[in-house]
Amino acid sequence: MAPRFSKVLRETDIKKRYSVPTGFLSSLPSFNGGHAVDFQAVDGSGRVWPFRCSIRKKGHPKPVISKGWRAFVDSKGLKVGDKVRFYKKKNEAGAKKHAYEIRAEKEIKIFGAVFGYAPII
């Protein structure tokens, strides 16, 4: 299962909302003419996280995940420089209700240089 997208977190992502690429919108449930859609993602430990993705009503959509995002950040102890990956599961017969998976990764620094990322469960 390849990531739908991944992003290194910035200050706004930690303190307010998580901006996502416009291309992610095509993998979400239909907005049905509205400007927000609720969805759930499951993490590596099996915990289900409810999220809401919102877009602007006019102009460029600029999607953001707001509802549920801060609880996820706080629970995982995420900081600027950490990484989050969203996956969309294949819609197979008998698939689980949660079509999305979210994974958080801590930035690993050695002597001030980024060495890589370690998964957070």
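In the predicted model, E105 has P119 of strand 8 as its bridge partner. This contact belongs to the pairing of strand 7 with strand 8 (residues 113-120), which are arranged in the antiparallel sense and connected over 7 bridges. The two strands form a hairpin with 2 residues between them, and F111, which lies in the turn, adopts a positive phi of about 55°.

Strand 7 (residues 100-110) is also joined to strand 6, again in an antiparallel arrangement, by 6 bridges. Within this second pairing, Y87 finds its bridge partner in strand 7 at E101. Strand 6 (residues 83-88) is mostly covered, since 5 of its 6 residues are buried. Strand 7 is thus paired with strand 6 through 6 bridges and with strand 8 through 7 bridges. As a general point, the side chains of a regular strand alternate between the two faces of the sheet.

The hairpin also contributes to a nonpolar patch on the surface, which is formed by I110, F111 and F115 and offers about 440 Å² of accessible area in total. Of these residues, I110 is found in strand 7, whereas F111 is in the turn of the hairpin. I110 is partly exposed, with a relative accessible area of 39%; because patches are made of residues with over 30% relative accessible area and no salt bridge, this value satisfies the accessibility requirement for I110.

Charged side chains were examined next. In general terms, side chains of opposite charge can pair when their charged atoms come close. The structure holds 10 salt bridges, including one between E107 and K109, in which the closest N and O atoms are 4.0 Å apart. The two partners fall into separate accessibility classes, as E107 is partly exposed at 23% relative accessibility, while K109 counts as exposed at 52%. Elsewhere, salt bridges that share partners join K7, R10 and D13 into one network.

Within that network, the side chains of D13 and K7 meet in a salt bridge with an N to O distance of 2.9 Å. Both of these residues are covered: D13 is buried, with a relative accessible area of 2%, and K7 likewise counts as buried at 14% relative accessibility. A further salt bridge is formed by D38 and R52, whose closest N and O atoms are 2.7 Å apart. This pair links distant parts of the chain, with D38 in strand 3 (residues 36-42) and R52 in strand 4, at a separation of 14 residues. D38 is partly exposed, with a relative accessible area of 42%, and R52 also counts as partly exposed, at 30% relative accessibility.

A positive surface patch is formed by K16, R17, R56 and K62. Two of its members can be placed in the loop that connects strand 4 (48-54) and strand 5 (64-65), namely R56 and K62. R56 is partly exposed, with a relative accessible area of 44%, and K62 is likewise partly exposed, with a relative accessible area of 44%. Since membership of a patch calls for over 30% relative accessible area, these two residues meet that cut-off at 44% for R56 and 44% for K62. The backbone of K62 carries an additional feature, in that its phi is near 40°, a positive value in a residue other than glycine.

A positive phi is also found at N32, where the angle is near 50° and the residue is again other than glycine. N32 is located in the loop between strand 2 (18-19) and strand 3, and at 71% relative accessibility N32 counts as exposed.

Finally, K15 lies in helix 1 (residues 11-15) and counts as exposed, with 54% relative accessibility. The C-alpha atoms of K15 and K83 are separated by 15 Å, although the two residues are 68 residues apart along the chain.

Technical notes: Residues numbered from 1 in each chain as written. Predicted model: local features only at pLDDT ≥ 70, side-chain atom pairs only at ≥ 80, totals over all residues. Heavy atoms only, no water. Patch = residues over 30% accessible without salt bridge, like charges linked within 9 Å, V, L, I, M, F, W, Y side chains within 5 Å. Areas by Shrake-Rupley, 256 points an atom, 1.4 Å probe, with all protein chains shown as cover. Lys, Arg positive; Asp, Glu negative; His and termini not counted. Charge placed at Lys NZ, Arg CZ, Asp CG, Glu CD. Helix = DSSP H or I, 4+ residues; strand = E, 2+ residues; numbered from the N terminus. Buried < 20%, exposed > 50% of the residue type's maximum accessible area, 1.4 Å probe, protein only. Pairing = 2+ DSSP bridges.
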